[in-house]
Amino acid sequence: MELYSFTIHELQEKLKSGEASSRQIVDSVFSRIDAVEERVHSYIRLMKEDALTAAAIADENIKNGDIRPLTGIPVALKDIVCTQGIPTTCGSHILHNFVPPYDATVVQKLRDAGAVFVGKTNMDEFAMGSSTETSYFGPTRNPWDLDRIPGGSSGGSASAVAADECIASIGSDTGGSIRQPAALCGIVGMKPTYGRVSRFGLIAFASSLDQIGPFTKDVEDCAIMMNALAGYDPRESTSVRAEVPDYRQFIGRDINGWRIGIPKEYYVDGIDPEVSMAVKIAIEVIEKCGGQIVDISLPHTPYCLAVYYIIAPAEASSNLARYDGVKYGFRAAEARDLMDMYKKTRMQGFGPEVKRRIMIGTYALSAGYYDAYYGKASQVRALIRRDFDEAFKKCDVILTPTTPTPAFKIGEKTDDPLQMYLSDIFTISTNLAGIPGISVPCGYTRTGLPIGVQFLAGHFEEGKLLQVASAYEKNAAIEKRRPTL
Amino acid sequence: MKLSTSDVEYVAKLARLEVTEPEKEMFTAQLNDILLYIDKLNELDTTGVAPMTHAIAVQNAFREDKVLESLGTKKALANAPDARGEFFRVPKVIE
């Protein structure tokens, strides 16, 4: 087996025992990138030189007995988190030349934990999309079937892990952008509780929904990454001062007697029959683990998508007002005056999906419409959160499909925004309520496309998610396949 | 139709976006579809429901009023498309 195919915890053992060096692991990952990247296109930018320098430092530290949770491990970063001195584009033309003067808190934290950065991964422009097709730098392909999308918006981060182009990665999740691509690429992805991981240095899309989280090959690695990422940050005013447990302690614990909620609203027409079947089998596995199945109801589920498509674009239209060609990024040439420069810069700098969402958001916040749209959506959002509060009185965690279908074909939904938005139908409510969620592989379709199962828990209960996901992973014993590339 | 092409022009102006004729047509159709879908929220009676603005209720996040290190002019101007001296340069504002 090549070094690139191992997990973080397996590589840690090899590094500790001296069986492998960080340099060897990094070389292995870059040789894999050389072999497959041209077909997959996970990355916007590779950081090979930085990676080799960091690997040399890691090997020196290991020799001196300084071994941290991610020492010497190659990790990829979604190109939405700021990296000092390394261009950060957010998948957009308008930021194609932006070089951040500082690191995002998560970048600093991963660095402090010893991680080696491989590169910046591809994404939908400003994280607006479910397929990584809206990237200014071209689409990413699903390693399991190169004619299909990897999911989005963090598609590059998901495909990089699935194709062994890194050992783990981070993404951001505003309406499913970690869990949906994790499911479609056959890996583990977690969206933590809103406020658990600092958003300082994360380029903002919808500030009340955005959250950073990890992509990994298994649940134990997810716990290792969460240990590095979670925690209060005085530089981020919505980060929460809540105690962070050692997430690794939840791995391998049983879930005997746990109540597992099955929301009837998530098992409706329109779900692909193979997804439906895989999730049904997942429920049986959970029962065999000692979980008690409880029927629950989240009655406002049918309204989640409508609420999301007011709140997210409204916040985006405000956040993206800063891209005006003055302080950084692209500026259109030959403007008559300042107003003309703004309009031309934004017309040429943003792609169609970003413009569409800025338009919806601007309309929803414009004079005379605020109450009818943003006000109404914020009220229904409160009802959605109340649904979860009620549900968690009856169960410990909730189990749902992560996505209604497996990965769709490239180009299949690009002309129909609403159809595209519907691929996030099972992940959006989590962001609206601010609760954590995890997607874990639960099988394959007949044609070999991965399927994911999602677990949801109450605020700050990531530990519960890791416990149920690790129990499920162990007992489901899903055949360990890797994409053939 | 909730939105006419002239509404789209007005919203584009508010958003500081120049839109081409074909974009105007496309946005008018697509935004109408989306707004029609969003209309389903009106099925719900939300009288008396307090709007939710934050996922987690955090009180004002204050810190001690102490001067910390800041970016500095040079770094702040490093990404500017057109910087002159200590300033961002822009096209003329006044006629």
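**View 1. Helix H12 of chain A lies across four strands.** Helix H12 (residues 371-394) crosses strand E7 (259-263), E8, strand E9 (397-401) and strand E11 (450-456) of chain A. H12 runs at about 115 degrees to E9(A). H15(A) also packs on the sheet. H15(A) touches strand E5 (188-191), E7, E9, strand E10 (437-444) and E11 of chain A. The direction of H15(A) makes about 10 degrees with that of E10(A). Contact means heavy atoms within 4.5 Å. Axes are lines fitted to C-alpha atoms, for helices over the stretch in contact, and angles run from 0 to 180 degrees between N-to-C directions. Helices (H or I, at least four residues) and strands (E, at least two) are DSSP runs, numbered from the N terminus. This is a predicted model, in which local features need pLDDT of at least 70 and side-chain atom pairs count only at pLDDT 80 or more, while totals for chains, interfaces and linings use all residues. Residues are numbered from 1 along each chain as its sequence is written, chains are lettered from A and ligands numbered from 1 in the order in which they are written, and side-chain values use heavy atoms, with hydrogens and water left out.

**View 2. Eleven strands of chain A form an open sheet.** The order is E1-E3-E2-E4-E6-E5-E10-E11-E9-E7-E8, and the pairing is mixed. E1 and strand E8 (292-296) of chain A are the edge strands, each pairing on one side only. From one strand to the next, the twist averages 30 degrees. Two strands pair if DSSP finds at least two bridges between them.

**View 3. Strand E3 of chain A joins both E1 and E2.** E3 (residues 116-121) is mostly covered, with six of its six residues buried. Buried means under 20% relative accessible area, exposed over 50%, partly exposed in between (1.4 Å probe, protein chains only). Strand E1 (residues 43-46) runs antiparallel to E3(A), and three bridges join them. Here A:Arg45 stands opposite A:Lys120. Strand E2 (residues 74-78) runs parallel to E3(A), with four bridges. A:Leu77 has A:Lys120 as its bridge partner in E3(A). E2(A), helix H4 (residues 105-112) and E3(A) make a right-handed β-α-β unit. A crossover is right-handed if, with the strands pointing away from the viewer, the path from the first strand over the helix to the second runs clockwise.

**View 4. Strand E7 of chain A pairs with E8 and E9.** Four of the five residues of E7(A) are buried, so E7(A) is largely enclosed by the rest of the structure. E7(A) and E8(A) pair in the parallel sense over five bridges. A:Ile262 stands opposite A:Asp295 in E8(A). E7(A) and E9(A) also pair in the parallel sense, over two bridges. There, A:Gly261 faces A:Ile398. E7(A), H8(A) and E8(A) make a right-handed β-α-β unit.

**View 5. Helices H8 and H15 of chain A pack together.** H8 (residues 273-288) and H15 (residues 462-476) meet at an angle of about 100 degrees, with their axes 9 Å apart. H8(A) and H15(A) are therefore roughly perpendicular to each other. Angles under 35 degrees count as roughly parallel, over 145 as roughly antiparallel, 65 to 115 as roughly perpendicular and the rest as oblique. From H8(A), A:Ala282, A:Val285 and A:Ile286 meet A:Val468, A:Tyr472, A:Asn475 and A:Ala476 in H15(A).

**View 6. A:Arg199 lies in the loop between E5 and E6 of chain A.** A:Arg199 is buried, with a relative accessible area of 14%. Not counting residues up to four places away in sequence, A:Arg199 touches A:Tyr194, A:Ser207, A:Asp210, A:Gln211, A:Ile212, A:Glu236 and A:Thr238. E6 (residues 211-216) pairs with strand E4 (residues 168-173) in the antiparallel sense over five bridges. A:Phe215 in E6(A) is the bridge partner of A:Ser169.

**View 7. Helix H5 of chain A is mostly covered.** Eight of the eight residues of H5 (residues 155-162) are buried. Among them are A:Gly155, A:Ser159 and A:Val161. A:Asp164 follows H5(A), and its phi is positive, near 60 degrees.

**View 8. The disulfide count is zero over all chains.** A disulfide is a pair of cysteine sulfur atoms within 2.5 Å. A:Cys222 is in no disulfide, and the nearest cysteine sulfur, that of A:Cys166, is 14 Å away. A:Cys222 is buried, with a relative accessible area of 0%. A:Cys289 is in no disulfide either, and the nearest cysteine sulfur, that of A:Cys442, is 14 Å away. A:Cys289 counts as buried at 12% relative accessibility.
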